[in-house]
Structures are given as structure tokens and as C-alpha cells.
Amino acid sequence: NDVTKFRQGNRAELMQQILQDSGVEDRDGELVVDVTTEDIGRGLLRLIQTVTRIHDLNFLNRERVEGTFTEDLQETLGKIVPFESLRPDFIVPDIPDGDKYPVDFRLAGKERQVFIFGVTGRDKARLVTIYLNHFLRNKVDFDSLCVLRQIGDVPKPDLARLMNVGQEMVASLDETEAISRKILRMTGT
């Protein structure tokens, strides 16, 4: 496991909550339970349960924790393009109410800028559809890529509307080869 993932972002908050709930201390990476001699069995069980819950955070990254999805998407994008070329939470300048339509990630392309959205489910699909429509109505010059957490998380009518305004889509974050291919094509690199 990449333990550095447990030290930053939403996973760090979740890990701290697990440790607090279980009464286990993290002493510079060493998990400790102080118990009396009579409670060694219960203390060991509590420690094992805590370690299991922390390990399970690996599996929450795409299925249940929306915040970690964005972190995972950013990490994936950083493996494809230089991290400094990504602009998270980009606000499109010179359009009405631009601050109400943030782009998850903006990437400069040779021809056009690329707006990348992480779509975690129905609500985000609807928001991104509205954002893309706003950009199109205001004649913003861009290409778009929507990366879905899982395609099954988005109801068909919402997915159809998103597909009608978006240019490129990837069915899940696990499809890193497709994400890479589409980004490299859109950026001309």
C-alpha cells in the first residue's frame, strides 16, 4: 500500500476519525493501544479491527468517498501530464457568472484548452451538463473530457444529456489508458 495516501486529503481525515473512534493512537506510523493485562485480548481485537478499517480506505476511493475520487482523478492526471499544467477549480474568465461554473481541472492544449470533469453520479452529471451548456452558450473555446467514477452511477437520461454537450467521456477512473489516450489527443502531445 502507498501509505502516503493515508496522510493527506480526505483519507487522512477518515483515518483520524477511525483512530479516534477506536481509541488507537498513531505514534509516527506505529499504531498503539494502551491496555491493562486483563484487557490484552480486547485490546488486540480493537487494534486488528482498526487496522482493517484503515486498510479498507483503499477500497473506498472510487466506490463511496466522493472527495477521494477527485484526489484519485488528480493523481491519475498527474501521471499523464505535468502536474503544473493542471489548473484545479478553474474559473473561466470573461463569461457571465463564471465563478458559479468551476471547472474541476483545466489543461492547456496546443489548439484549445481542455476542461476535465470528474463525474461521481447523477447530481454531478447534471451540474456538468449545465456548466458545459453555459460555456457553449457563451462561446467559450474548449474541449471537454468527463471521467465518470462508474458509468452505472449515472442514470441513462442524465448520461444522455451529458453526452450531448460533452465531447469525450471515459466510463470509469480505472480506464487510465483511455484517459491518457484522449488527453494526449486533445492536447496535441
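Colleague: Which exposed residues does the face of helix 1 turned away from its buried side carry?

Modeller: Glu13 and Gln20 are the exposed residues on that face of helix 1. Keep in mind that this is a predicted model.

Colleague: And which residues of helix 1 are buried?

Modeller: Start with the general idea. An α-helix has 3.6 residues a turn, so residues three or four places apart point the same way. Here, the buried residues in helix 1 are Arg11, Ala12, Met15, Ile18, Leu19 and Ser22. They cover an arc of only 125° around the axis, which puts them on the same side of helix 1.

Colleague: How many ångströms apart are the end C-alpha atoms of helix 1?

Modeller: They are 21 Å apart, which agrees with the 20 Å that 14 residues should span at 1.5 Å a residue. After the helix comes Gly23, with a positive phi near 75°.

Colleague: Now to strand 7. Is Glu168 buried or exposed?

Modeller: Buried means under 20% relative accessible area. Glu168 has 18% relative accessibility, so Glu168 counts as buried. Its side chain makes a polar contact of 3.1 Å with the side chain of Lys182. Beyond four places in sequence, the contacts of Glu168 include Ser144, Cys146, Arg185 and Met186.

Colleague: What does Leu159 touch, not counting residues up to four places away in sequence?

Modeller: Leu159, in helix 5, touches Leu148, Ile151, Val154 and Met169. With 11% relative accessibility, Leu159 also counts as buried. As for Ile48, its C-alpha lies 42 Å from that of Leu159, and the two are 111 residues apart in sequence.

Note on methods
Residues numbered from 1 in each chain as written. Predicted model: local features only at pLDDT ≥ 70, side-chain atom pairs only at ≥ 80, totals over all residues. Heavy atoms only, no water. Buried < 20%, exposed > 50% of the residue type's maximum accessible area, 1.4 Å probe, protein only. Polar contact = N/O pair within 3.5 Å; in protein donor to acceptor, adjacent residues only side chain to side chain. Contact = heavy atoms within 4.5 Å. Helix = DSSP H or I, 4+ residues; strand = E, 2+ residues; numbered from the N terminus. Expected span 1.5 Å × (residues − 1). Arc of directions from axis to C-beta.
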